[in-house]
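Dear colleague,

Please find below the structure I am handing over to you. My notes on it follow directly after.

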Amino acid sequence: MSEAVMAVVKPEMKSYIWLQTADGSIQQVEEEVAMFCPMICREILQTGMGSSKNYAISLPQRVNPAVLGLILDYCRFHQVPGRSNKERKTFDEKFIRMDTKKLCELTSAADSLQLKPLVDLTSRALARIIEGKTPEEIRETFHLPDDLTEEEKLEPLRNITDDPRIRLLNRLYARKRKELKEREKLKNVEAEEERVDQRSVDDLLTFINGGNGDSKGVKTNKNKKKNRRRKDPPKDSSNNVNGNHNKESEALSSAFHNESRPSSSCNLQDCTAIEFDDGDVDDDLDPAMKEQLDREVEDFARRLNSDWPERMQEILSLGQERRLAPININGNGSARRYTTGLDQR
Amino acid sequence: MSKSQARVKDRISALPDEILCKILSCLELQCAVRTTVLSPRWKNLWTSLPNLWFCNEDFSDDDAFMTFVDRVLFFRDSSDIKKFYLDLEEPKDDFSRIESWICTAIRRNVVELNLCVNLYPDKTFELPRSLFTCKTLEVLYLTSNFIANPPKSGCFPNLKFLDVLVHFPNHNNSSFGQIFSNCPVLEDLRIYGPLGAYDEVLDFNISAPELKILTIGLYIDDFEDEEYNFHINAPKLEVLNLPEGDSSVFSFEISAKSLVKANINLSSCRVHFDSTNGLLEAISNVKQLSLSNHYLEGGVPAFDNLNHLELSLCGFTCWRYLIEFLKRSRNLEYLDIHHCKGEHVDFTPPAFVPVCMLSHLKTITIASFEGRQDEMRVAQYLLKYSEVLNKMTIFTILGLPRAEEEALYKEFLMFERGSKTCQVEIYN
């Protein structure tokens, strides 16, 4: 009431809009500044709110008072019609200098107020921050959660790219090493001990898989999974390299370390493609399966050793393309190359 | 750091998908794809990026590049591709692969396609058929030595903008020109390129019923006696741009009653004079004309609608042409003269003052003014006899000493002015 009276008495006084943020605090803002935000503008026009303290416009939750201040600064500058493009650009460049935390908050708030030019500005700024950084650096800058699950904590090898294939391989190798030891022990020690050892591995696995430790159950799973992760060519010339496994795993680990920076995009593409989960683990109690596993592991290791990026991509693509066969593989040579041998299985 | 703690601080992942995609679209594609490993939230964000830009010079070797493109297209989700830019500098000969990429983009309803495939001169690349029949394509940039076999009908059903940079058109394939003759909704056509030495006549048949803007920037790399015939059937054409300087024989067959604006730069001394005048005749009903021709000869047709004229003049005919244009442009309101640096050319005032100066000419700008005697005489004449002139602006050449500029100003102040409201401004 008093405001209305005052408006009559002093017509040259500016009109203000009242805004309320989620924390309950209310502030008043010059009308032309507030109207620069589409969301506020719409509220005013459609509901008539904002003209007094009691009828303050409620702002979306993502807008806290601090960030509202920033947004209003932005609006206050840009709503003035006479400014040149150069002036606006200079202002924007200065305005955008803030830490990433504030930048994210600002983006979120501007988006909720539908202030598109500011969203564009902050998005570009965030892009500039991301540009040129490795995923590690990006995670650090933005405090992205480290999403590795418990299984991976079993891994002996560093798995920077979080590649599930590598995780699988690590598990195979861990298994392999264990079995080698056990085979030796078998000659000297009772079966019971072996079982105990195996059970402990089993326990871990069943904990992961969420099923019972029953070997049969696991075996069934394994069969299915074997199909899924079927890899390429058949008979390879690799000799039985039981003895060489440790060497290979070492060579592998060095390969992994060298590849710790996911600079090659093909590596990463493949990560996207892999859908199967970490429960995909073989439990080799059956000797025949063991043999098969040996072969596959050796083959895998050989490939990894020989030509890291190309091989990885080939293998991963095989897995992927087999599953998605109906899509997209037209007659071009490159696709063909990767599917040899698959059809035979 | 526990997981819950981590989540509290991770603000960027809390932003909605749209915004994260917006951020990713500001990044180079490789960088955007890399974000796939950041966390499950980011894993598939890149796969729906609608604009893809591939440049093989960003990669150290062609194999890596080609594999990257294959992978991106393969792992991308099924959302539409909006813009697809392919920038290949002397790529390996794997054209079938390149073709498959283009076809993928077309299958994904691409709207804007930019194919810049710079090949060795003796190699050519055939455009896939599906390119011509693509229903969603609206903008197409082609830079290549390519072969085109467009279908006779149903070609470019939605194409509004076509920009072609031609290298060494292949005469074995006469359908090259057919690209331009079958564009039902095309509004903006641009043809650029160096034409090589062919002892033949090249016919360009441009037939586009909705065409509004036509730009032809063809120039000869090698001075031979080619002839280039342009048959332009564009009944709705509004703007004609001929921006290139070194042109040989152009013969234009153009009916351009709807033409509003023309921008013609034929500043090579090899211009065939008849041709120029034929061209002027064809565009004589424009409202706005920018003409740059160093050695104009012959007559100037009547430009009854001409309202805005920019003349860039050179050579011994320059002042004569200025007067000719003024005489023939009854309704001229805005005149802009660029006079290239040169020697004194005699200026002979006409017997009768051009009509436009008496009733229409309001603004005159003269650039690259040196202060030579002939220039001063022209400016003096214009000031004296323009009766409705509001403003004359002189831009002196760069580096004119301050003293000379001031002397100029003083002299202009002394000139008689035909219009009471006229202001003269001199800038450097």
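The notes below cover conventions, confidence, one helix and the aromatic rings.

This is a predicted model, in which local features need pLDDT of at least 70, side-chain atom pairs count only at pLDDT 80 or more, and totals for chains, interfaces and linings use all residues. Residues are numbered from 1 along each chain as its sequence is written, chains are lettered from A and ligands numbered from 1 in the order in which they are written, and side-chain values use heavy atoms, with hydrogens and water left out.

Confidence in chain A

The pLDDT is the predictor's confidence in each residue, from 0 to 100. Chain A has a mean pLDDT of 63, with 41% of its residues reaching 70 or more. Among the elements of chain A (helices are DSSP runs of H or I with at least four residues, strands runs of E with at least two, numbered from the N terminus), helix 7 (residues 116–130) has the highest mean pLDDT, 93, and helix 11 (residues 215–228) the lowest, 33. Over residues 210–285 of chain A pLDDT stays under 50, and the model has 159 contacts (heavy atoms within 4.5 Å) beyond four places in sequence for them. Residues 319–345 of chain A also stay under 50, with 44 such contacts.

Helix 5 of chain B

Helix 5 of chain B (residues 62–75) has 14 residues and should span 20 Å at 1.5 Å a residue, and its end C-alpha atoms are indeed 20 Å apart; the expected span is 1.5 Å times one less than the number of residues. Because 12 of its 14 residues are buried, helix 5 of chain B is largely enclosed by the rest of the structure. Buried means under 20% relative accessible area, exposed over 50% and partly exposed in between (1.4 Å probe, protein chains only). The buried residues include B:Asp62, B:Phe65 and B:Arg71.

Aromatic rings

Over all chains, the search finds 20 aromatic pairs. Rings of Phe, Tyr and Trp (its six-membered ring) pair if their centres lie within 6.5 Å; planes under 30 degrees apart count as stacked, over 60 as edge-to-face and the rest as tilted. A:Phe77 and A:Phe91 are stacked, at 4.0 Å centre to centre and 0° between the planes. B:Phe65 and B:Trp101 are edge-to-face, at 6.0 Å and 85°. This second pair joins helix 5 of chain B to helix 6 (residues 95–107) of chain B, 36 residues apart, and both residues are buried.

Yours sincerely
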